[in-house]
Amino acid sequence: MAIIELVDLRAGYDGQLALKGVNLEIDQGEILSLIGPNGAGKTTLLKTIGGLISPSSGSLVFRDTDITDTNREILRENATLVFQNPVHFGTTVYKNVAYGLRIRGVDESDVDKRVKETLELLGLSGFESRNARKLSGGEQRRVSLARAVAIDSSILLLDEPGADLDLESKRIVEETLRSLSKDRGTTVVMATHDMFQAKTLASRIATVQDGQIERIGRASTVFRLELESRIGDHPVLNRFRAQAVWIESDWTKGGHLRLRLEGGLTLEATGHRDGDVTIIIPPEDIIISRQAVLSSARNSLKGSVINIEASNSSVLLTVDVGIELVAQITEDSLKRLKIEKGDEVFVTFKASSVTVY
Amino acid sequence: MTLASEIVEITLRSLFVSGFAAFIATLIGLPIGVLVGLRKFRGRPLVKGVFNGMMAMPTVALGLILYLLFSQTGPLGFLQLLYSPYAIIVGQAILVVPIMVSITTETIENVDPSIRELALTLGADESGARAAVLRESIGGILLASSASFSRAISELGVALMLGGNIVGLTRILTTAIALETARGEVALGIGLAVVLLVVMLVINVSLRLAEKRVRWWLWQ
């Protein structure tokens with residue numbers, strides 16, 4: 001059931017439209033990621049859903065009631081925005097987290113209980129009397145989230161929840177979001193540049209481009225379509241030129257492709273193409289293992305690790321398999337597999353993970 | 001009366017007159033500053049410009065205008081305020097209202113706009129959001145009050161023209177310094193100037209120290 005529905009919604013600041021006809025249905029309890037370049041309208045969309053910006057036209061429906069012109073306060077009561085840059089009242093962590101509860105007239109003993117529970121959930125126990133503005137970046141972001149979580153909003157709106165977070169804070173934030181969605185039925189809408197986070201956390205992804213929703217759907221579907229171009233400022237990794245040969249076979253209904261890359265390397269992909277093509281292999285679809293794995297995946301290659309680079313929330317591993325393939329794995333996996341530069345590893349990915357165009 | 005007791009009396013009068021003037025200026029200037037800082041309305045830049053400009057008002061010009069108003073033949077002569085401490089209070093209050101308004105407005109405008117949105121998104125209504133912005137502005141508002149007081153206690157023109165430097169009645173630190181220096185009592189003038197500086201410093205430092213307490217109190 002949709003908790004929020006936007007129909008041809010237009011909104012902006014000072015007469016400048018940032019949203020130019022957004023159509024979007026957000027389901028109760030889902031985690032929806034908004035991705036897109038800076039200035040695409042993601043923050044404006046979050047603020048509009050949060051009741052902080054008035055739509056200039058179109059309609060905004062909350063739980064089957066059109067509230068476009070009548071009662072945006074209802075959104076502010078039910079939706080809470082966590083800003084991209086942590087902003088706090090100039091007081092203690094406790095009073096920051098208690099603010100929303102006190103505004104709602106919650107009994108003081110319940111305020112105390114809920115603030116302490118929330119701080120514990122976000123790993124901030126013991127921070128009660130600290131000045132919220134004097135904490136580290138990651139801690140400040142967790143305080144921002146704690147403030148929103150404490151009031152138990154039906155809709156949580158997050159603007160870049162993973163930006164500049166240390167790995168520990170990121171893990172806590174992501175776990176909290178998952179548990180809110182699963183256990184409390186909280187609807188989470190987050191704008192992010194972190195593709196890995198968008199894909200691993202969200203049930204659906206919407207791409208925002210020039211004030212409109214360009215695509216929306218399950219993460220894997222949207223990513224596949226998006227990989228054909230650049231998203232925002234993020235370069236597409238693992239893009240190669242190849243010679244494709246279509247082979248009729250039984251294992252896919254439409255046959256499959258044999259791709260011959262520079263240096264004689266051969267890969268398999270799905271689809272119907274012949275001749276010169278460009279292929280993209282999403283780094284997050286590549287499995288890294290110490291030994292060859294027996295699996296259904298059609299592509300398994302041996303190579304040596306030539307670079308290890310910490311990314312926003314994960315680690316990018318460059319493996320020379322004849323071509324330089326970049327794989328995205330978690331820091332935990334890197335530690336578990338004890339991978340170091342120069343080590344021999346196996347890379348495995350499905351034929352359907354290879355986008356051919 | 002000994003010299004010491006006379007200095008104490010002059011100092012206390014200065015504190016009373018300028019403290020009262022700063023208090024009145026705060027009562028008038030703070031709401032105006034808050035209004036101009038929070039609300040968007042037509043002619044707002046003009047209002048801000050006028051108050052900013054009036055911060056540099058020459059004290060003798062203001063003293064002269066008020067002298068004409070309060071003199072026996074002036075439109076406010078019936079109040080019989082001229083040459084009383086109350087005339088100085090009125091004059092100094094008018095002098096420092098623009099300081100109070102301008103610093104308050106500037107402070108409120110410089111509060112992170114996200115504070116208002118933060119309060120709103122956490123469920124506050126418009127007035128609750130404004131209160132949150134004001135709480136964040138408290139440092140600047142205290143600064144506006146202390147700057148107003150400092151300007152009032154250190155000015156000479158208004159006190160001299162409206163008070164007349166009458167011993168035991170309207171003599172305050174600045175008029176006494178001017179008189180003693182003119183009479184060749186430079187040492188006494190320097191002594192009074194030191195008293196004036198110490199008073200100003202003590203008041204300003206105390207206000208800054210009180211800021212943390214006030215902040216704490218506002219969050220109760």
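Two strands count as paired if DSSP finds at least two bridges between them; helices (H or I, at least four residues) and strands (E, at least two) are DSSP runs, numbered from the N terminus. The model is predicted: local features need pLDDT of at least 70, side-chain atom pairs count only at pLDDT 80 or more, and totals for chains, interfaces and linings use all residues. Residues are numbered from 1 along each chain as its sequence is written, chains are lettered from A and ligands numbered from 1 in the order in which they are written, and side-chain values use heavy atoms, leaving out hydrogens and water.

**Exercise 1.** Work out how strands β9 and β10 of chain A are joined.

*Solution.* Start with direction: β9 (residues 204-209) and β10 (residues 212-218) of chain A run antiparallel, joined by six bridges. Next, pick one pair: R204(A) has R218(A) as its bridge partner in β10(A). Finally, look at the turn: two residues lie between the strands of this hairpin, and D210(A) takes a positive phi near 50°.

**Exercise 2.** Describe the interface of chain A and chain B, beginning with its contacts.

*Solution.* First, count contacts (heavy atoms within 4.5 Å): 20 residues of chain A meet 19 of chain B. Then take the buried area (accessible area, 1.4 Å probe, lost on putting two parts together, summed over both): about 1,800 Å², with 61% from carbon and sulfur atoms. R76(A), F89(A) and Y99(A) supply 32% of the area that chain A buries against chain B. Last, look for salt bridges (a side-chain nitrogen of Lys or Arg within 4 Å of a carboxyl oxygen of Asp or Glu): the rule finds two across the interface. One of them links R133(A) to E136(B), with the closest N and O atoms 2.5 Å apart.
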